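Biologist: I'm new to this one, so could you walk me through its inside? Let me pull it up first.

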Amino acid sequence: MRSLPSLLGVFLAVLAIGAVGHTLATAVRRRRHDMAVLRALGLTPGQVRVTIAWQATTLASVGLLLGIPLGIALARTVWRVVAERTPVQYVPPVAVLVLLLVAPVAVIVANMLAAYPSHRAVRQHIGAVLRTE
């Protein structure tokens with residue numbers, strides 16, 4: 001029972017990583033026309049990468065700002081209910097180190113996930129993308 005919250009946290013982290021990666025890949029694919037227009041106007045490949053990295057950072061930051069407080073509140077409530085229904089003593093988990101590390105790790109992982117979509121966005125042929133629209 002002691003490892004259940006940790007295992008659930010790892011599982012939810014893996015789900016979150018998959019969701020962020022999918023969101024970034026889909027957003028870059030849907031915005032390829034916009035990136036092609038910006039590249040035609042003079043945006044450099046480095047600036048395209050930075051744009052997508054900022055999108056990843058913003059996505060991770062908003063997720064953290066909403067997810068950490070809601071996650072703490074929901075987890076404590078659910079764990080209290082589980083502890084009351086089973087013969088287990090309720091002790092609220094305190095993971096200060098995890099809370100301090102989750103923000104920088106989430107931003108780093110989101111930017112690592114953005115590397116492949118940004119690489120694909122840079123390699124697109126501007127003329128071919130603009131002709132399809």
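Biologist: Which residues line the largest cavity?

Modeller: Bearing in mind that this is a predicted model, the lining of the largest cavity is made up of Met35, Ala36, Arg39, Ala121, Gln124, His125, Ile126 and Val129. Two elements, helix H2 (32-40) and helix H6 (126-132), each give two or more residues to that lining.

Biologist: And which element gives the most to it?

Modeller: That is H2, which contributes three residues to the lining of the largest cavity.

Biologist: How do the lining residues divide into nonpolar, polar and charged?

Modeller: Five residues of the lining are nonpolar, two are polar and one is charged.

Biologist: How much space lies in there?

Modeller: The largest cavity holds about 40 Å³ of space, and a search of the whole structure turns up one cavity of 30 Å³ or more.

Biologist: Changing topic, which residues are in the largest nonpolar core?

Modeller: That core has eleven residues, namely Leu24, Val28, Met35, Val48, Ile52, Ala56, Ala60, Ala110, Ala114, Ala121 and Val122. At least two residues of this core come from each of helix H1 (4-30), helix H3 (45-85) and helix H5 (115-123), and H3 gives the most, with four residues.

Biologist: Met35 and Ala121 sound familiar.

Modeller: Yes, Met35 and Ala121 are among the residues lining the largest cavity, and both also belong to the largest nonpolar core.

Biologist: What is Leu24 in contact with, leaving aside its neighbours within four places in sequence?

Modeller: With those neighbours set aside, Leu24 is in contact with Gln55, Ala56, Leu59, Ala110, Leu113, Ala114 and Pro117; of these, Ala56, Ala110 and Ala114 belong, like Leu24 itself, to the largest nonpolar core.

Terms used. Residues numbered from 1 in each chain as written. Predicted model: local features only at pLDDT ≥ 70, side-chain atom pairs only at ≥ 80, totals over all residues. Heavy atoms only, no water. 1 Å grid on protein atoms, 1.4 Å probe; cavity = no way out; pocket = protein on both sides within 12 Å on 5 of 7 lines; lining within 4 Å. Points joined across faces, edges and corners; volume = space filled by probe spheres on them. Nonpolar A, V, L, I, M, F, W, Y, C, P; charged D, E, K, R; others polar. Core = buried A, V, L, I, M, F, W, Y, C linked by side-chain atoms within 4.5 Å. Buried < 20%, exposed > 50% of the residue type's maximum accessible area, 1.4 Å probe, protein only. Contact = heavy atoms within 4.5 Å.
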